[in-house]
Amino acid sequence: MSLPAAHLVGLQLSLSCCWALSCHSTETSADFSLPGDYLLAGLFPLHSDCPGVRHRPTVTLCDRPDSFNGHGYHLFQAMRFGIEEINNSTALLPNVTLGYQLYDVCSESANMYATLNVLSLLGTHHIEIRADPSHYSPAALAVIGPDTTNHAATTAALLSPFLVPLISYEASSVTLGVKRHYPSFLRTIPSDKHQVQTMVLLLQSFGWVWISVVGSDGDYGQLGVQALEEQATQQGICVAFKDIIPFSARPGDERMQGIMHHLARARTTVVVVFSSRQLARVFFESVVLANLTAKVWIASEDWAISRHISNVPGIQGIGTVLGVAIQQRLVPGLKEFEEAYVQADKGAPGPCSRTSECSSNQLCRECRAFTAEQMPTLGAFSMSSAYNAYRAVYAVAHGLHQLLGCASGACSRDRVYPWQVPKSVCSSDCLEGHQRVISGFYHCCFECVPCEAGSFLNKSDLHSCQPCGKEEWAPAGSETCFPRTVVFLTWHETISWVLLAANTLLLLLVTGTAGLFAWHLHTPVVKSAGGRLCFFMLGSLAGGSCGLYGFFGEPTLPTCLLRQSLLALGFAIFLSCLTIRSFQLVFIFKFSAKVPTFYRAWVQNHGPDLFVVISSMAQLLICLTWLAVWTPLPTREYQVFPELVVLDCTEANSPGFMLAFAYNGLLSVSAFACSYLGKDLPENYNEAKCVTFSLLLNFVSWIAFFTTASVYQGKYLPAVNVLAALSSLSGGFSGYFLPKCYVILCRPDLNSTEHFQASIQEYTRRCGST
């Protein structure tokens, strides 16, 4: 058998045992039960416990005449009053009535008996074990009470496996708020952590740093003392003496005399008493007997304004009492309800009427009646606690109001399971990654706004989104940041392989062409192409092509410095040679005879070579200035893609890059113009078509690149740059050199002096005829 199953079996056996050993001598009272469509259970200390040694596992009977608890009586009446008020109104639960089963939990055994009775199936004395507790229907939908932390911890532990809500009006221990242990526990009283903080602030404000602390036995006192000592020590307050009042303590007994003796020896003026009111009375009766006076007593909430303590004989002489109390609230009509209850004919005290079945909620053997003179006084402390019990009843009623759809004017009367306690919130919890933006005055009312991309919601602060680090990113509505992915154009990507293969092929073609031209250096085709100038042109194309390898792999300072500058300088040299070659052909055939003096000066002073040198040096100067002033550096781009860090160089938008590119554009236009002017030259010297094609390809490639760069800044932008540069270099090479290679390799008959002379003579005859 599993552990939970064994635990539930134990509950069933315990319940049977309780009934078997106690029911035979108890009777029922109509004041403790009320039929209704939905039942609530209430656990109230109508009598005080009488500690003692028990030799049989029987339930303690709550019938000692001297143990009546007026405070518990007011709580008892507050629940009855709240339910009658709801049943007599059509606002919350129209056409539905609430019933109750009220129990006197005067002791641990009585509290256990009441809890097991609540858990029994409706109309039976048995607790049924089910695999799914969410469909378990006990006698009551919810339980109001009990009063002390110890009783509440026992009840909450038993009710939690069945998901039955327990709403306590006085159990304030911090441990009960741990949902992992007590998932169905709720309360209408603040947690002890708040009064501990208040006590420490009180001690600090008066400068009291040398204190004694006394607590009551049980979770309330012991945990309160522990929390107080921890927080006080952190604030520099010293605890000279601390002790615990045991459950079995009696005024002036040996144990209490020992506590009094140590308090006197501690020589502390301030004593914090974190105790339940029952043991606090025993403590202060002992203080009066020991004649401890002229001290400041700090009271915990449970006894600070309780008449149970203020009525101790001689307490006025012990010193000053400062206490922590909950804000006082009134239950309108409760006092009149209690007075009407007393004035009703309740009969004289005597034995209860016997019934045929064992259904008693009040474990006593004699019923009592109040007179107006005997009715306990409804003081401020009892009124405050009664308000908490009254509010707990209304909390359940509001939950039923929502579950049964009573807002329409009529409740559905559907079956309700205990675990179904609806939320009472101004605003529902936000989704993950949504911050709370307070709307209005109350922090409970807020709008949910998703965190923007690049920020996250830290659970320690639900009201503001925190920005991610520079190397992190987060999508909109995130609760955490993620490391950014570092990207760049790597060597092993498919597109890189294609571009590298194309560039390498171009280099091989350039090298092969250089070899071919060197072998046929003195042929008419090579001479007409520029002779030795062709090698300078091929070398410049090879240099620009080598610069393209710098676009692959992680950018470094050397690659950033060389890749664009080599391309710009190499292509500028090629365009300079192309321009001057086209210009020289046009000048020889069209203008040499008209301006012979200029032509001779041009030839004698090596005009073509001088132009190439000056033009190339101008581009070299531009590139050096670019590298010195606007140095291209490796950069990490964070702005373009939120989840990526794009590695690139800073050359794309620099003035140096734009100036070098503009200069190459000027040379391209010049080469295009000179080539176009020579469109009617002899066939062997007419390069207009091929050069025009290559220059147009150059223009289109770079226009496409700059258009792409204006809308895309990702890892593949260098690939687009390489493609544009490769197109320009390939276009220049193919437009100028491939036709000549074709003639050399495939049409050697055209590579002869006779053919060239015939072509020139044909051009001369054509010009003469026009």
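**Reasons behind the labels**

Reader: Why does Cys451 count as buried?

Author: Cys451 has a relative accessibility of 1%, and buried means under 20% relative accessible area, exposed over 50% and partly exposed in between, with a 1.4 Å probe and protein chains only, so Cys451 counts as buried. This is a predicted model, in which local features need pLDDT of at least 70 and side-chain atom pairs count only at pLDDT 80 or more, while totals for chains, interfaces and linings use all residues. Residues are numbered from 1 along each chain as its sequence is written, and side-chain values use heavy atoms, with hydrogens and water left out.

Reader: How do you know that a disulfide joins Cys451 to Cys465, and what makes it left-handed?

Author: The S to S distance of Cys451 and Cys465 is 2.0 Å, and a disulfide is a pair of cysteine sulfur atoms within 2.5 Å, so the two are joined. The torsion about their S-S bond is about -85 degrees, and therefore the disulfide is left-handed. The pair links distant parts of the chain, 14 residues apart: Cys451 is in the loop between E15 and strand E16 (455–457), and Cys465 is in strand E17 (residues 465–467). Helices (H or I, at least four residues) and strands (E, at least two) are DSSP runs, numbered from the N terminus.

Reader: What makes Cys430 buried and Cys448 partly exposed?

Author: Cys430 has a relative accessible area of 17%, which makes it buried, whereas Cys448, with 35%, is partly exposed. A disulfide joins Cys430 to Cys448, S to S 2.0 Å, and with -85 degrees about the S-S bond this link is left-handed. Cys430 lies in the loop between helix H11 (380–403) and strand E14 (434–438), and Cys448 in strand E15 (residues 446–450), 18 residues apart.

Reader: What makes the link of Cys406 and Cys411 right-handed?

Author: It has 120 degrees about the S-S bond. The S to S distance of Cys406 and Cys411 is 2.0 Å, and both cysteines are buried. By the same distance rule, the count comes to five disulfides.

Reader: Why is Cys238 called partly exposed?

Author: Cys238 has a relative accessibility of 41%, so it counts as partly exposed. By contrast, Cys534 is in no disulfide, with the nearest cysteine sulfur, that of Cys577, 9.0 Å away; Cys534 is buried, with a relative accessible area of 0%.

Reader: How do you know that strand E9 is mostly covered?

Author: Five of the five residues of E9 (residues 270–274) are buried. Val270, Val272 and Phe274 point one way, and Val271 and Val273 the other way. In a regular strand the side chains alternate between the two faces of the sheet.

Reader: How do you know that E7 and E9 pair, and in what sense?

Author: Two strands pair if DSSP finds at least two bridges between them, and strand E7 (residues 210–216) shares five bridges with E9, in the parallel sense. One of the bridge partners is Phe274 in E9, opposite Gly215. Four bridges join E9 to strand E10 (residues 295–299), also parallel, and Val296 in E10 is the bridge partner of Val270. From E9 the chain crosses through helix H8 (residues 277–290) to E10 in a right-handed β-α-β crossover, a name given if, with the strands pointing away from the viewer, the path from the first strand over the helix to the second runs clockwise.
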